[in-house]
Each structure stands twice: as C-alpha cells, then as structure tokens.
Amino acid sequence: AMKYIAEYRDTAPQRAGRILVLSGLLSVGTSLLMAGLTAAFSPWLASYTFRAPHLALSLEVSCLAILFTTLSGAQLGALAGLEAFREMAINGAVASLVSAPLLVIGAWQAGVDGVVWGLVAVSILTWILNHRALRACARRRGIPLKLAGCLDEWRVLLSFSLPTLLAGLVGPPVYWIANTILVRQPDGYAQIGLFNAANQWRAAVLYLTGILASLTLPILTNLRGSG
C-alpha cells in the first residue's frame with residue numbers, strides 16, 4: 001500500500017485507488033484467516049503450548065485484537081503512502097493516551113482477561129480512527145475507493161505483496177517458539193513479563209529509525225513515480 005499509493009497518487013489516482021482497495025481486501029482476508037486459526041486452536045494452544053488451559057478464553061478473545069491490529073497496519077501503510085503524517089501522529093497519540101489507563105484499569109479489575117479486553121478495545125479504536133483518516137485523505141487527493149476493477153491489479157500481489165507477506169511471516173513463528181520455550185520454564189510467565197519489559201528499551205532504540213523509514217520511503221517512492 002505504501003509503495004504503490006505513494007508512486008501513483010499524483011500520476012494515476014485511479015490506479016492508486018484500485019491498489020488501496022485491493023490491499024484492504026488482502027488485509028481483511030489474511031487477518032480473518034489468522035484470527036480464525038488462532039480461535040480454532042486456542043484450547044489446544046492453551047493446554048499444550050502454554051500448559052495453561054485457563055487461558056483458552058483469553059486467547060479466543062485476543063483474536064479480535066489480531067483482526068483489527070492487522071487491518072490497522074494496512075491502513076497505516078496507505079496513510080503513509082498518502083503522506084498523511086499529521087493524521088498518523090494524531091491517531092497514534094490518541095490510541096496511546098487511551099491505551100495506558102485502559103490496560104492498567106483492566107489488569108487491576110480483571111487480571112489477564114481485563115488486559116486482553118483492553119487490547120481489543122484499543123485495536124478497534126485505532127482501526128476506526130485510521131479508517132476515517134484514510135477515507136478523508138483519499139477524498140482530499142481525488143483518489144476513488146471503489147471495488148470495481150481492483151482485481152485488475154492482481155499482478156501487484158504476485159510481484160510485490162506476496163513476497164513481502166511471506167517475508168513478514170518468517171519472524172513471528174520463531175518469536176512464538178522462543179516465547180513458548182520461556183513460558184514453559186519454572187516461573188516462566190513472570191520471566192517473560194520481565195523480558196518484554198526490558199525489551200521495550202530495544203524498541204525505543206529502533207523507534208527513531210522506524211520513524212525515518214516511514215517518512216522517507218513514501219516521499220522517495222513518490223519522487224520516483226513522478227520521474
């Protein structure tokens with residue numbers, strides 16, 4: 001979404017609109033697939049992977065967060081392609097301000113289940129904010145959002161989106177397996193909590209480079225598209 005919308009938004013807005021809709025359909029399909037698989041295997045995952053059968057319901061509920069977080073990721077790519085950095089910043093700030101107290105209150109009132117429902121609520125709020133911003137920005141730039149003709153851009157899926165998707169699928173299973181090994185150790189849940197807390201420092205170090213990449217990639221791609 002980021003690459004092709006940035007490349008075509010000025011020179012071929014009709015094509016940019018088709019690709020935007022197609023990327024949205026792809027994100028709906030993949031997120032529903034992964035959320036559905038997680039929901040279906042939640043009892044097995046809780047019992048045999050985490051050795052915590054009582055977490056089955058929490059895993060099922062978390063599938064809603066998987067769904068809306070994936071959809072929001074596609075929306076952010078499209079917003080970056082439109083260089084809607086102001087909207088992205090505002091939406092991120094609102095989601096962060098809501099997230100912190102919501103997760104703390106959820107943990108205090110209902111433990112793990114409260115945190116999971118808090119994550120679901122934040123993911124839905126983020127999706128709503130991004131959805132409204134995306135439609136407004138596309139309208140402002142004269143990019144039509146129509147289903148008709150979007151499948152004509154299927155070559156984009158094969159040449160760029162599919163390799164990107166496959167590359168993105170390499171890391172999460174490894175991360176999942178590593179977390180599972182840690183969880184199954186004595187006092188594993190406390191240890192993974194400490195690890196994830198410490199890992200936030202790594203995220204802070206990478207934050208600046210991530211911001212620079214999200215800013216420069218759509219700008220450079222747009223310059224390439226305009227010659």
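**Helix packing and salt bridges: a quick tour**

Let's start with Asp187, which is exposed, at 53% relative accessibility. Before I go on, a reminder that what we're looking at is a predicted model. Okay, back to Asp187. Where do you find it? Asp187 sits in the loop between α6 and α7. And its backbone is a bit of an oddity: phi is positive, about 60 degrees, even though Asp187 isn't a glycine. As background, most residues other than glycine have a negative phi.

There's another residue like that, so let me put it next to Asp187. Glu83 also isn't a glycine, and its phi is positive too, about 55 degrees. This one is in the loop between α3 and α4. Is Glu83 buried, exposed or partly exposed? Glu83 comes out at 27% relative accessibility, so we call it partly exposed. Keep Glu83 in mind, please, as we'll meet it again.

Now, since we were at the loop between α6 and α7, let's look at the helices on either side of it. Helix α6 covers residues 171-183, and helix α7 covers residues 188-225. Their axes are 7 Å apart, and they pack at an angle of about 130 degrees. To count as roughly antiparallel, the angle would have to be over 145, so α6 and α7 are oblique to each other. Who does the touching? On the α6 side, look for Tyr175, Asn179, Leu182 and Val183. On the α7 side, it's Gly188, Tyr189, Gln191, Ile192, Phe195 and Asn196. By class, that contact of α6 with α7 has 6 nonpolar residues, 4 polar ones and no charged ones.

Next stop, α2, which runs over residues 13-49. Its partner here is helix α3, residues 56-81. The two axes come within 8 Å and cross at roughly 165 degrees. That angle makes α2 roughly antiparallel to α3. The contact of α2 with α3 is made of 17 nonpolar, 6 polar and 1 charged residues. And if you care about handedness, α2 passes α3 in a right-handed crossing.

α2 has another partner to show you, and that's α5. Here the axes come within 11 Å, and the crossing angle is roughly 45 degrees. So α2 is oblique to α5. This crossing is right-handed as well: that's how α2 passes α5. If you want to click on residues, α2 brings Arg15, Ile19, Leu22, Leu26 and Thr30. α5 answers with Trp154, Val156, Leu157, Ser161 and Leu165. Sorted by class, the contact of α2 with α5 has 7 nonpolar, 2 polar and 1 charged residues.

While we're on α2, have a look at Ser23, which is in that helix. Ser23 is buried, at 18% relative accessibility. What's fun is its distance to Ala1: the two are 22 residues apart in sequence, but their C-alpha atoms are 6.1 Å apart in space.

Last topic, salt bridges. The general idea is that side chains of opposite charge can pair when their charged atoms come close. How many salt bridges does this model have? The count is 8.

Let me pick out a network: Arg9, Asp10, Glu83 and Arg141 are linked by salt bridges. There's Glu83 again, the one with the positive phi. Inside the network, Asp10 pairs with Arg9, at 3.8 Å from N to O. Arg9 is buried, with a relative accessible area of 5%, while Asp10 is partly exposed at 47%. Asp10 also makes a salt bridge to Arg141, where the closest N and O atoms are 3.7 Å apart. Those two come from distant parts of the chain, 131 residues apart: Asp10 is in the loop between α1 and α2, and Arg141 is in the loop between α4 and α5. Arg141 is partly exposed, at 37%.

One more pair and I'm done. Glu153 and Arg18 form a salt bridge at 3.0 Å, N to O. This is another link between distant parts of the chain, with Glu153 in the loop between α4 and α5, Arg18 in helix α2, and their positions 135 residues apart. Which of the pair is buried? Glu153 is, with a relative accessible area of 6%, whereas Arg18 is partly exposed, at 24%. That's my tour, thanks!

Definitions and conventions
Residues are numbered from 1 along each chain as its sequence is written. This is a predicted model: local features need pLDDT of at least 70, side-chain atom pairs count only at pLDDT 80 or more; totals for chains, interfaces and linings use all residues. Side-chain values use heavy atoms; hydrogens and water are left out. A salt bridge is a side-chain nitrogen of Lys or Arg within 4 Å of a carboxyl oxygen of Asp or Glu. Buried means under 20% relative accessible area, exposed over 50%, partly exposed in between (1.4 Å probe, protein chains only). Helices (H or I, at least four residues) and strands (E, at least two) are DSSP runs, numbered from the N terminus. Axes are lines fitted to C-alpha atoms, for helices over the stretch in contact, and angles run from 0 to 180 degrees between N-to-C directions. Angles under 35 degrees count as roughly parallel, over 145 as roughly antiparallel, 65 to 115 as roughly perpendicular and the rest as oblique. Contact means heavy atoms within 4.5 Å. Ala, Val, Leu, Ile, Met, Phe, Trp, Tyr, Cys and Pro count as nonpolar, Asp, Glu, Lys and Arg as charged, and the others, Gly among them, as polar. A crossing is left-handed if the near helix is turned anticlockwise from the far one by less than a right angle, and right-handed if clockwise.
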